Amino acid sequence: GEPPTVWRERPNGAVAMQVARRVAPEKPAAGRVSALSMYELPPAEPISVSEFEEFAYDRLRLLSTIELARAKGLKGAELEARIRKARDEFMPLSPTGLIKDYYSHFILRLAYCRSEDLRRWFLQNELELFKWRFVNNPPEDRAAWLRAKGLQYEAISRDEYEEIKEELHQALSSRRDLDPAAERSEHYKVAFEEVVDLVRQRRVYLRGGSAFVPAADLVSIVATAVRAQWSRRLATASHQWPALREEEADRLASFLEGLATQYVGDDYSRPRSGSAVSLADLPTVSRRSFPLCMHNMHAKLLETKHLKHSARQQFGLFLKTIGLSCEESTAFFRAEFTKKGMAADKFMRDYGYGIRYNYGLEGKRQDWSAMSCGKIINSSGANAAAGEHHGCPFRNYDEGQMRATLQQMQVGAQDVQYILDKVRGQHYQVACGKFFEARHKGSTLIETDLGGINHPNQYFEESQKFFAPKDEAAAAGQAAAEPRTADVA
């Protein structure tokens, strides 16, 4: 089989991936199982390349679920339930799950160290996972873990508590998220910089540059320390990445570089049963079932009779995977491109090869899939003024253009505001999910586990499912209304 991969600690602290000769046996977890970790030392047991990739994908699925839940504004019990469900599915509390958890953190740390945006995404979602694990560990386990990590926080004395208890009462009285007993629990005195999130939300009492934090909010203090440590390690990994990339150029570098835009959802390489469309269906489905990105490119093609390369790739692969054959795609693009005087044979010379390539009939003869939202969002920016109409409109449009587009598509004022709020927060896929709801009255995509749109074909298929009962009812009504001719003997 393939050679396994192992992490090694170099003398200078750098992490290297090397080939090992065997896979170490799994070690059983002793006593109560916990995945609470600061991930200080890289793992030393070898794993195979296929395990390396599987572990990375599963952690990406877990962190993406957390990101989507945060983007939807889930908090408290709802957020906890969503994280628990994803944890049980992708990183279960078992000996195998713990191994996967430890390795996958380091793999994604390397994959997400390369830019400020990637580091921010990784830290936000890893910290959310850490905080969930911390508060869901038994108090005695938390205390033991903190002692082992040297994170010991001293509670204020009884005398100091008596001195400021009225102020503490005022700070906590407006908080509905705390049990009334929290006011009488221990409080920790820390520098306010360590709990900026609590200060921002006015959840603690401040005096003399110190914040007085109830025991229930200890997780915020710990998370700040963890974040600082992980930030330093991400910065170190970023500096070491060029050398590591060169070392792993033939094996893992391209995988790690592509992980941030990797789609890990359902397979949309070809139409699902019942969802395939033909060229004759295109006018109807483009009007009601195309996501905004595809609707925009289709509209620009009809308007200008041309699309540049990036848009042809993005739109053409989408058309392929919703059911258009190579011949139908060729006929569709040729019909539009030749309306401004281009000869049909010139179209075939200039563009026919690219269409056939998308269908695996030229070049590598690979069966290409449609682009996911992650890849579309992170693609090089479109410039409409230069005739570039690819990419994600929720990311590329300015607020005025987005508002005008939504209003033109008869999206209600309340939904427009929700979408714009999510766009400002860079939650483009949740914005697309709300756009779906606004265009499919009565659907509840945002309230389900789907929450947002991860793939243009997901939007299309969910739309087709939405309209299927109405189409069937309309067809049945039309059949019933048609006059019947009597049989003649």
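Ala384 is partly exposed in this predicted model, its relative accessible area being 48%. This value falls short of the exposed class, because that class requires over 50%. The residue belongs to the loop that runs between helix H15 (373-377) and helix H16 (393-396). Ala384 and Tyr397 are separated by 13 residues in sequence, and their C-alpha atoms lie 9.4 Å apart in space.

The setting of this loop is a chain of 489 residues, of which 45% count as buried. Its secondary structure comprises 20 helices and six strands. Among the contacts in the chain with a separation of 6 or more, 69% join residues 24 or more positions apart.

The helix pairs may be considered next. Two packed helices are described by the angle between their axes together with the distance between those axes. For helix H11 (residues 292-304) and helix H12 (residues 309-322), the axes come within 10 Å and the crossing angle is roughly 115 degrees. H11 and H12 are therefore roughly perpendicular to each other, and H11 passes H12 in a left-handed crossing. On the H11 side the contact is formed by Cys293, Met294, Met297, His298 and Leu301, and on the H12 side by Ala311, Gln314, Phe315 and Phe318. By class, the residues of this contact are seven nonpolar, two polar and no charged.

Helix H17 (residues 399-408) and helix H18 (residues 413-424) pack with their axes 10 Å apart, at an angle of about 150 degrees. Angles over 145 degrees count as roughly antiparallel, and H17 and H18 are therefore described in that way. Their crossing is right-handed. H17 contributes Glu399, Met402, Arg403 and Leu406 to the contact, while H18 contributes Val416, Gln417, Ile419, Leu420 and Arg424. The contact of H17 with H18 holds five nonpolar residues, one polar residue and three charged residues.

A further pair is formed by helix H4 (residues 116-135) and helix H8 (residues 218-247), whose axes come within 10 Å and cross at roughly 145 degrees. The crossing of H4 and H8 is right-handed. From H4, the contact involves Arg119, Phe122, Leu123, Glu126, Leu127, Phe130, Lys131, Phe134 and Val135. From H8, the participants are Leu218, Val219, Val222, Ala223, Val226, Arg227, Trp230, Ser231, Leu234 and Ser238. The contact of H4 with H8 divides into 13 nonpolar, two polar and four charged residues. One of the H4 residues in this contact, Glu126, also takes part in a network of salt bridges with Arg59, Asp101 and Arg133.

That network leads to the salt bridges of the model, of which there are 32. Asp58 takes part in two of the pairs described here, with Arg61 and with Lys100. In the pair with Arg61, the side chains meet at 2.9 Å, N to O. Asp58 and Arg61 are three residues apart in helix H1 (residues 49-71), so about one helical turn separates them. Asp58 is buried, with a relative accessible area of 10%, whereas Arg61 is partly exposed at 25%.

In the salt bridge between Asp58 and Lys100, the closest N and O atoms are 2.7 Å apart. Because Asp58 lies in helix H1 and Lys100 in helix H3 (residues 95-111), this pair ties together parts that are 42 residues apart in sequence. Lys100 counts as buried, at 10% relative accessibility. The threshold for that class is under 20% relative accessible area.

Another salt bridge joins Asp471 to Arg288, with 2.5 Å between the closest N and O atoms. Asp471 is in helix H20 (residues 456-481) and Arg288 in helix H10 (residues 282-288); the pair links distant parts of the chain, 183 residues apart. Asp471 is partly exposed at 34% relative accessibility, while Arg288 is buried, with a relative accessible area of 18%.

Notes: Residues numbered from 1 in each chain as written. Predicted model: local features only at pLDDT ≥ 70, side-chain atom pairs only at ≥ 80, totals over all residues. Heavy atoms only, no water. Salt bridge = Lys/Arg side-chain N within 4 Å of Asp/Glu carboxyl O. Helix = DSSP H or I, 4+ residues; strand = E, 2+ residues; numbered from the N terminus. Buried < 20%, exposed > 50% of the residue type's maximum accessible area, 1.4 Å probe, protein only. Axes fitted to C-alpha atoms, helices over the stretch in contact; angles between N-to-C directions. Parallel < 35°, antiparallel > 145°, perpendicular 65-115°, else oblique. Left-handed = near helix turned anticlockwise from the far one by under 90°. Contact = heavy atoms within 4.5 Å. Nonpolar A, V, L, I, M, F, W, Y, C, P; charged D, E, K, R; others polar.
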